[in-house]
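Please open the structure in your viewer and keep the sequence panel visible beside it. The tour proceeds by selections, each followed by a short account of what is found there.

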Amino acid sequence: MKKKNTKLIIGIVIIVAAVVYLIASSTLSQSQYFLTVEELQSNQAEYVGKNVRMSGAVLGDTIKYDPQTLELTFQVAQIPGDHRVIEQMGGMSVVLAQAAHDPTLPKMTVHYVGPRPDLLKDEAQAIITGSLDENGIFQASELLLKCPSKYQSELPEQSK
Amino acid sequence: MFFAGLIPSYLALLAFLVAIVLTVLAIWRKQSELPKLVSLLAKFAFILQTLGVISLVVMLVLEDYTNYYVASVVNPAMPGILKVTALWGGQAGSLFFWSWLVSLIVFIALSSKRKLIDAWSFLVLAANVSFFLGLSLFGDNPFMRIWALSDGSLVSSLFAPEAGAVVHKLSIGMGLNPLLRHPGMIIHPPMLYLGYALFFVPFAVGISTLIQKRNDDQLIHDTRTWVVLGWVFLTGGIVLGSWWSYDVLGWGGYWAWDPVETASLLPWLTATALLHSFLLERKRGIFKRFNFVLVLLTYLLVIFSIFVTRSGLVNSVHAFSESTISIPLLVFMCFWLLTSIVLLVWRWKALGGEFEISSPFNREAFFLYTNIILLALTAVCLWGLIFPLINGALTGNQVVLDRGYYDRTTTPLFLLLVFLLAICPLIGWNAVQLKKIGKKLWIPLGLSVLTVVILFLSRLRIAMALAGIFLVALGLFTLLTLTIRDGIAVGFSKFWAFLWKQRNRYGAWLVHAGILLIALGIVGMETLSTNIQGTMLPHEKMPLMGYEIEFNSISETFTNPEYMTAQSDTTLYKDGKEIARLYPAQHIYPERNQFISIPAVDSNLGRDVYLLLVGYNVDVPYITLRMSVNPLINFMWLGGIFLVLGGLCVATTSSHVREDEELVQEEPLEV
């Protein structure tokens with residue numbers, strides 16, 4: 001009996017080792033940098049061609065979409081990366097609204113081919129996966145707009 | 001309505017706090033039973049809390065736009081049912097609703113005939129209700145009113161923020177996000193929350209058992225039904241969420257490894273492991289420590305999942321939602337984590353059930369392997385969520401793990417799990433000989449080989465798909481042939497009565513069949529699904545996989561006050577024959593500067609043809625359409641129904657199943 005249990009324990013150890021290896025190797029090969037517009041632009045040379053993720057505030061006026069070719073371009077403006085900074089500035093919706101109307105902030109043009117996401121609009125937060133090309137345009141492979149389960153609309157403007 | 005909601009809610013919190021004090025006094029006097037008075041007080045508190053919830057619902061339905069929460073989730077154009085469900089459509093309301101659900105579960109536990117809740121376990125439960133109710137009332141109160149200050153600006157506050165401020169009524173509210181206006185969204189959150197809350201009772205009983213060193217099997221007998229029901233609701237909630245995302249989020253994705261999704265999977269994985277190890281301990285008296293670890297872990301992961309959903313911290317530093325409640329939640333979670341670890345370490349020796357697996361090739365061993373894989377999956381998913389946080393804290397670099405990570409790590413583990421699941425019913429409780437297994441195996445094996453050969457001959461040549469279908473078929477045919485053998489042994493006239501009597505076992509098999517069907521759906525979506533996009537003028541056609549879609553017309557209508565409907569009219573052909581008229585559409589909300597896609601689907605058990613209106617022009621006219629053919633996807637939803645039904649069968653059985661009962665019907669199978 002004892003012997004069989006030993007075998008079993010050896011088996012478990014092997015399984016655990018395999019899982020740890022799986023996690024470690026996948027973490028190394030699959031992790032992506034998550035950057036702000038500013039971080040990406042200040043180290044442009046370093047990131048060209050690399051798969052990264054970027055977050056920014058969508059500028060509604062810059063959205064151009066051609067349904068024939070499914071080509072979508074728009075600009076995003078810098079928003080801070082640090083959760084605490086965002087909180088200090090009054091929360092995400094405030095930060096997004098400010099970023100969308102502040103011409104001094106760094107901006108990045110995003111290019112994407114595919115259906116236009118339902119939530120792509122002014123002052124939305126875009127989380128974009130893709131890579132930077134030589135012209136400084138972000139070629140997106142995946143667009144994620146503010147998640148609906150956490151959607152909370154702001155108080156409407158004073159309406160009489 | 002403001003006071004009718006606010007006052008009972010605060011009183012409920014007060015009542016729970018008083019109940020906690022009284023319980024502590026009882027424990028001080030070495031009284032382990034819960035005093036009657038405390039139980040009554042807690043039930044009364046629940047009723048008060050219910051008044052608070054009812055008031056909020058009334059405010060939502062009557063559109064009380066002096067209330068900040070109401071104004072942010074309701075508007076006049078929404079149908080009545082959606083106004084009710086707006087209760088959990090935003091952060092403040094859903095937190096309030098959640099604290100009420102936890103209170104409801106405590107109410108039910110206190111009302112159960114068996115003396116389930118003693119002083120210690122009540123203390124744990126009451127601490128949880130008070131925490132979440134307090135978090136709701138002091139962190140994100142849904143009763144906040146809108147005030148106009150003397151300078152004309154608007155702020156939200158419970159009471160006048162300054163002298164001279166007056167309550168301000170908005171003329172109209174924002175309304176619920178269109179994406180949340182979907183039947184799946186109406187029942188998905190309450191089901192998920194109820195599943196979460198049900199796990200609180202086993203946790204409380206577990207903590208109480210550990211503290212009092214009650215070294216008996218009470219934990220399983222008392223809490224099994226709670227765990228099974230929690231599992232059923234959690235499963236239903238997750239599957240509904242997946243269906244909602246397939247049906248609404250346009251691209252037809254059913255699972256995206258979004259952090260919130262992944263977090264809801266964590267307690268599901270450990271609860272599934274718990275159900276297996278409960279069964280083992282009931283039968284063999286082993287795995288006692290495993291049980292305790294899993295009961296505590298499941299609760300902790302529920303709290304973690306709530307933390308991920310509500311704090312906004314995990315999704316990224318580039319946070320999704322602002323939140324003032326993340327720090328209290330984190331402290332609360334760490335408190336229970338530490339308590340659990342300390343108690344387990346303290347009582348580890350006393351818990352020692354014998355750990356002896358007689359053979360690496362019997363059902364006990366297979367249960368152990370299953371649980372190891374489930375825990376490995378838990379570890380993988382948990383790591384995916386916390387690694388970005390740890391890495392960010394250590395290096396300052398913001399790094400994320402996305403789909404690629406989860407695909408790579410979970411695929412081999414899920415495949416192993418399906419393999420174990422497929423052959424498990426063939427393995428007996430005692431050590432088995434390969435010969436005996438072989439006897440039972442050849443029919444299902446033959447049938448699944450035949451299935452794959454037929455598919456291969458009908459020109460399905462994708463190796464991954466064939467392998468996946470083979471595994472699933474092997475599992476399903478095994479379950480089917482074993483059930484039929486049981487039927488032959490018992491006699492078909494008595495078969496239904498027999499199935500119902502043994503629903504513990506066949507319920508579990510139904511669940512296993514459900515998992516296999518979901519696996520089949522995933523195989524279909526991941527290996528066989530195809531899509532095409534294109535722009536079409538009237539009467540042009542677009543082909544895909546033997547189907548053709550023809551564009552007839554496009555129109556805009558304004559029947560709804562909130563949105564404009566752009567609806568296209570298309571005809572679907574299969575091999576040149578018309579099989580359906582489909583109307584993919586968009587709802588355009590001009591005020592929100594947002595639109596949502598309403599896909600059109602032609603559905604049968606074999607496949608979905610899924611159409612998405614991507615763009616259009618009424619003047620030219622043209623439409624841009626995305627068409628997907630998704631084979632086998634509907635098996636996923638069918639599997640979900642199997643899971644819930646099977647789980648309910650198991651939930652209705654008593655936990656005192658005798659071992660010989662199981663052996664009686666295992667005999668005829670060992671021919």
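The stops below concern a predicted model.

**Chain A and its domains**

Begin by selecting chain A and colouring residues 1-31 apart from residues 33-147. These ranges are domain 1 and domain 2 of the chain. Between the centres of domain 1 and domain 2 of chain A, taken over C-alpha atoms, the distance is 40 Å.

**The largest nonpolar core**

Next, select Phe74(A), Val76(A), Ile128(A) and Phe138(A), together with Trp98(B), Phe122(B) and Phe132(B). Within the largest nonpolar core, which has 224 residues, these seven touch the most other members. Now add helix 11 of chain B, residues 288-311: with 14 residues, this helix gives the most to the core.

Centre the view on Trp98(B). Which residues is Trp98(B) in contact with, leaving aside neighbours within four places in sequence? They are Phe132(B), Tyr193(B), Tyr196(B), Ala197(B), Phe200(B) and Ile306(B).

A second core, separate from the one just visited, has 21 residues. Select Tyr547(B), Ile549(B), Leu613(B) and Met627(B), which are among its members.

**Three strands of chain B**

Tyr547(B) leads to the next stop. Show residues 541-544 and 547-557 of chain B, which form strand 6 and strand 7. The two strands run antiparallel and are joined by 4 bridges. Leu544(B) is placed opposite Tyr547(B) of strand 7. The hairpin of these two strands has 2 residues between them, and Met545(B) adopts a positive phi near 50° there.

Extend the selection to strand 8 of chain B, residues 564-574. Strand 7 and strand 8 of chain B are also antiparallel, with 10 bridges between them. To see one pairing, select Glu550(B) and Thr571(B): the latter, in strand 8 of chain B, is the bridge partner of the former. How many residues does the hairpin use to join strand 7 of chain B to strand 8 of chain B? The connection runs through 6 residues.

While side chains are displayed on these strands, a general pattern may be kept in mind: in a regular strand, side chains alternate between the two faces of the sheet.

**Val155(B)**

Finally, select Val155(B), which belongs to strand 2 of chain B, residues 154-157. Val155(B) counts as partly exposed because its relative accessibility is 28%, a value between the limits of 20% and 50%. Beyond residues up to four places away in sequence, Val155(B) touches Arg145(B), Ile146(B), Trp147(B), Leu149(B) and Pro161(B). To close, draw a C-alpha to C-alpha line from Val155(B) to Asp258(B): the two are 103 residues apart in sequence and 34 Å apart in space.

Note on methods
Residues numbered from 1 in each chain as written. Chains lettered and ligands numbered in written order. Predicted model: local features only at pLDDT ≥ 70, side-chain atom pairs only at ≥ 80, totals over all residues. Heavy atoms only, no water. Buried < 20%, exposed > 50% of the residue type's maximum accessible area, 1.4 Å probe, protein only. Contact = heavy atoms within 4.5 Å. Domains from an automatic or database assignment. Pairing = 2+ DSSP bridges. Core = buried A, V, L, I, M, F, W, Y, C linked by side-chain atoms within 4.5 Å.
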